[in-house]
Amino acid sequence: MESSPPEKGRRLSETWHSRCCCCGPKLCCFCWCCCSSCLRSRTVRRRQRDRFGHKTSSVSQLEIPPPFEERLTVEEAASWKRSFDCVLASPAGRSVFMEFLRTEHSDENMAFWLACEELKREQSQEQVCEKAKKIYLDYISILSPREVSIDASVRESINRSLARPSAQMCNEAQGQIYTLMHRDSYPRFLNSPLYKSLEQRLAVLACDT
């Protein structure tokens, strides 16, 4: 008897390749092209993620980051207004910006960008393979509730690279997510109650010292 369409989709999504050069077993690179799950929208996946314990942040829950080696100052927080790169260059800036993205249910963008930065710094080919596989499963696979929004051609290129991953395999995807955060999230971050509240609290602390 011929398998029903849902059963076929399930079998495709459960297909595994044999071991590649160093990554070990992984999901088939091309399963996403024909898996029935590809019909799900990003909105549905985000709702599923929220249902499994994802909590939004509020201004009152934001703590001035430490632990960092140096205390966050009014000047450092103010420097984030100069450019988005100033936010990314600051450990405190990355932490606060991540908190803001959580309020918008888009923190996977920052998490993906940071994972790509870590991948590019990796020297061990074995670690490159492991981290590339994890990035794929966490942020590239359409089966992931934390899938980032990248072009289909870029996603396909990453799929092809999985057979022999490199530390630069996600560079184009990382660039697209950088642009998305820069143009879309960053302006709202600077105008958000979360950032303005942080500025006010830092100013009060500076006056008290």
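**View 1. Aromatic pairs, with Phe 112 and Tyr 139 up close.** This predicted model has 9 aromatic pairs by the ring-centre rule used here. One of them is the edge-to-face pair of Phe 112 and Tyr 139, with 5.8 Å from centre to centre and 65° between the planes. Phe 112 belongs to helix α7 (residues 107-121) and Tyr 139 to helix α8 (residues 125-140), so this pair ties together parts that sit 27 residues apart in sequence. Both Phe 112 and Tyr 139 are buried.

**View 2. The aromatic cluster.** Here are the rings that group together: Trp 80, Phe 84, Phe 97, Phe 100, Tyr 178, Tyr 186, Phe 189 and Tyr 195 make up one aromatic cluster. Trp 80, Phe 97 and Phe 189 turn up again in the next view, as they are among the residues that touch the most other members of the largest nonpolar core.

**View 3. The largest nonpolar core.** In soluble globular proteins, nonpolar side chains tend to be buried together. The largest nonpolar core in this model has 43 residues, and the ones touching the most other members are Trp 80, Phe 97, Phe 112 and Phe 189. At least two core residues come from each of α5 (84-89), α6 (91-103), α7, α8, α9, α10 (171-190) and α11 (193-208). Helix α7 gives the largest share, 7 residues.

**View 4. Who surrounds Phe 112?** Which residues does Phe 112 contact once its neighbours within four places in sequence are left aside? The list runs Ile 135, Tyr 139, Ile 140, Val 148, Ala 173, Gln 174 and Ile 177. Tyr 139, the edge-to-face partner of Phe 112, is buried, just like Phe 112.

**View 5. Two sides of helix α9.** Start with the residues tucked away: Val 154, Arg 155, Ile 158 and Asn 159 of α9 are buried. These four span an arc of only 145° around the axis, which puts them on the same side of α9. Look at the other side of α9 and you find Ala 152, Ser 153 and Arg 160, which are exposed.

**View 6. Glu 147 and its arginine partner.** Is Glu 147 buried or exposed? Glu 147 is buried, at a relative accessible area of 6%. This glutamate is found in the loop between α8 and α9 (152-161). The side chain of Glu 147 makes a polar contact of 3.0 Å with the side chain of Arg 155. Arg 155 is itself one of the buried residues of α9.

**View 7. Glu 122, in the loop between α7 and α8.** Here is another acidic residue in a loop, this time between α7 and α8. Glu 122 is buried, with a relative accessible area of 18%. The side chain of Glu 122 meets that of Lys 131 in a salt bridge, 2.7 Å from N to O. Lys 131 counts as partly exposed, at 21% relative accessibility. Setting aside neighbours within four places in sequence, Glu 122 is in contact with Gln 127, Val 128, Lys 131 and Ala 167.

**View 8. Salt bridge between Glu 199 and Lys 81.** The structure has 11 salt bridges, and one of these joins the side chains of Glu 199 and Lys 81 at 3.1 Å, N to O. Glu 199 lies in helix α11 and Lys 81 in the loop between α4 (74-79) and α5, so the pair ties together parts that are 118 residues apart in sequence. Lys 81 counts as partly exposed, with a relative accessibility of 46%.

**View 9. Salt bridge within helix α8.** Asp 138 and Lys 134 form a salt bridge, and their closest N and O atoms are 2.9 Å apart. Being 4 residues apart in helix α8, the two are separated by about one helical turn. Asp 138 is partly exposed at 24% relative accessibility, while Lys 134 counts as exposed at 52%.

**View 10. A salt-bridge network.** Which residues are linked in a network of salt bridges? Glu 104, Asp 184 and Arg 188 are the linked residues.

**View 11. Stepping back to the whole chain.** To put the close-ups in place, note that the protein chain has 11 helices and 0 strands. Of its 209 residues, 40% are buried. Among contacts with a separation of 6 or more, 66% are between residues 24 or more positions apart.

Terms used. Residues are numbered from 1 along each chain as its sequence is written. This is a predicted model: local features need pLDDT of at least 70, side-chain atom pairs count only at pLDDT 80 or more; totals for chains, interfaces and linings use all residues. Side-chain values use heavy atoms; hydrogens and water are left out. Rings of Phe, Tyr and Trp (its six-membered ring) pair if their centres lie within 6.5 Å; planes under 30 degrees apart count as stacked, over 60 as edge-to-face and the rest as tilted. Buried means under 20% relative accessible area, exposed over 50%, partly exposed in between (1.4 Å probe, protein chains only). A polar contact is a pair of N or O atoms within 3.5 Å; within protein, one must be able to donate a hydrogen and the other to accept it, and residues adjacent in sequence count only if both atoms are side-chain atoms. The arc is that of the directions from the helix axis to the C-beta atoms. A nonpolar core is a set of buried Ala, Val, Leu, Ile, Met, Phe, Trp, Tyr and Cys residues joined through side-chain atoms within 4.5 Å. Contact means heavy atoms within 4.5 Å. A salt bridge is a side-chain nitrogen of Lys or Arg within 4 Å of a carboxyl oxygen of Asp or Glu.
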